[in-house]
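Biologist: I keep running into words like "buried" and "perpendicular" when people talk about models. Could you take me through where such words come from, with an example?

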Amino acid sequence: MFERFTKDARAVVQSAVEHAERAGAGSVDAEHLLLALLDREAGRASFALAALGLAERGDAVREALGEARRRAGLSQADAEALAGLGIDVSEIVARVEEAHGVGAMSGDRKDKGWSGRRSFGRGAKETLEKALRIAVARRDRHIGDEHILLALTVRPGVSGEVLADHGVTYESVVRVLYGGGEAKAG
């Protein structure tokens with residue numbers, strides 16, 4: 001599959017690995033792919049994100065991803081579902097952080113080094129597989145960073161939820177990239 005990745009898509013994957021490494025995360029996940037897309041200044045995905053106004057709100061997205069990481073990766077929808085069962089996730093996070101320090105539930109291991117190849121978590125693997133499916137469905141001969149962005153918008157979880165909260169949906173990205181809107185990527 002990776003032989004079909006464009007230079008921009010490969011750069012996103014490499015940057016995602018670097019984000020996971022800096023965070024001390026046990027594996028690369030979908031959130032790291034989103035952070036890597038936010039860092040890019042070239043490519044179709046960065047064009048779409050800029051056209052949708054996310055370039056100026058990148059810090060808000062990073063903050064939302066950080067808050068989800070503090071909740072052990074639970075999306076806001078997950079936290080609300082648990083609240084419906086009488087489980088207050090914010091209270092649990094507060095108690096754990098009181099006892100073990102801020103970010104204790106994040107799974108980050110800043111004190112431990114990486115060894116060997118970086119593994120890709122289920123979220124990142126599913127996102128990359130979905131990017132392939134989107135490219136094939138669009139009859140594209142390559143997998144670009146725009147396909148990774150589109151995959152993140154349709155995959156349930158923190159990344160898709162944060163993107164949607166900031167107005168970046170599958171439909172809005174398709175409109176910007178492929179027409180039907182005011183801007184179109186070339």
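**Where the words come from**

Modeller: Sure, and keep in mind that this is a predicted model. Let's start with H19, which sits in helix α1 (residues 7-23).

Biologist: Why is H19 called buried?

Modeller: Buried means under 20% relative accessible area. H19 has 12% relative accessibility, so it counts as buried. Skipping neighbours within four places in sequence, H19 is in contact with H32, L35, A36 and D39.

Biologist: And S159, what makes that one buried?

Modeller: The cut-off is under 20%, and S159 comes in at 3% relative accessibility, so buried is the word for it. S159 belongs to helix α9 (residues 158-165). Residues up to four places away in sequence aside, S159 touches A30, E31, L34 and L152.

Biologist: How do you know that the S159 side chain makes a polar contact with E31?

Modeller: The pair has to be N or O atoms within 3.5 Å, one able to donate a hydrogen and the other to accept it. The side chain of S159 reaches the backbone nitrogen of E31 at 3.4 Å, so the pair is inside that limit.

Biologist: Okay, what about R139: is it buried or exposed?

Modeller: Exposed means over 50%. R139 has a relative accessible area of 75%, so it is exposed. You'll find R139 in the loop between α7 (122-137) and α8.

Biologist: What makes the phi of R139 worth pointing out?

Modeller: Most residues other than glycine have a negative phi. R139 is not a glycine, yet its phi is positive, at about 60°.

Biologist: H142 is in that loop between α7 and α8 too. Why is H142 called partly exposed?

Modeller: Partly exposed lies between the 20% and 50% cut-offs. H142 has 29% relative accessibility, so it lands in that middle class. Its side chain also makes a polar contact with the side chain of E146, at 3.4 Å.

Biologist: Which residues does H142 contact farther along the sequence, beyond four places?

Modeller: Those are R4, T6, A135 and H147. Take R4: H142 and R4 are 138 residues apart in sequence, but their C-alpha atoms are 5.0 Å apart in space.

Biologist: Now the helices on either side of that loop. Why are α7 and α8 called roughly perpendicular?

Modeller: Angles of 65 to 115 degrees count as roughly perpendicular. α7 and α8 pack at about 115°, with their axes 8 Å apart. That is why α7 and α8 are described as roughly perpendicular to each other. Their crossing is right-handed.

Biologist: Which residues meet where α7 and α8 pack?

Modeller: From α7, they include T127, L128 and I134; from α8, they include H147, I148 and L152.

Biologist: Zooming out, how many helices and strands does the chain have?

Modeller: Ten helices and zero strands. Of the 186 residues in the chain, 40% are buried.

Biologist: And how confident is the predictor across the chain?

Modeller: The mean pLDDT is 84, and 80% of the residues reach 70 or more. Among the helices, confidence is highest in α8 (residues 145-154), with a mean of 97, and lowest in α6 (residues 89-100), with a mean of 68. Over residues 109-114, pLDDT stays under 50.

Key. Residues are numbered from 1 along each chain as its sequence is written. Side-chain values use heavy atoms; hydrogens and water are left out. Helices (H or I, at least four residues) and strands (E, at least two) are DSSP runs, numbered from the N terminus. Buried means under 20% relative accessible area, exposed over 50%, partly exposed in between (1.4 Å probe, protein chains only). Contact means heavy atoms within 4.5 Å. pLDDT is the predictor's confidence in each residue, from 0 to 100. Axes are lines fitted to C-alpha atoms, for helices over the stretch in contact, and angles run from 0 to 180 degrees between N-to-C directions. Angles under 35 degrees count as roughly parallel, over 145 as roughly antiparallel, 65 to 115 as roughly perpendicular and the rest as oblique. A crossing is left-handed if the near helix is turned anticlockwise from the far one by less than a right angle, and right-handed if clockwise.
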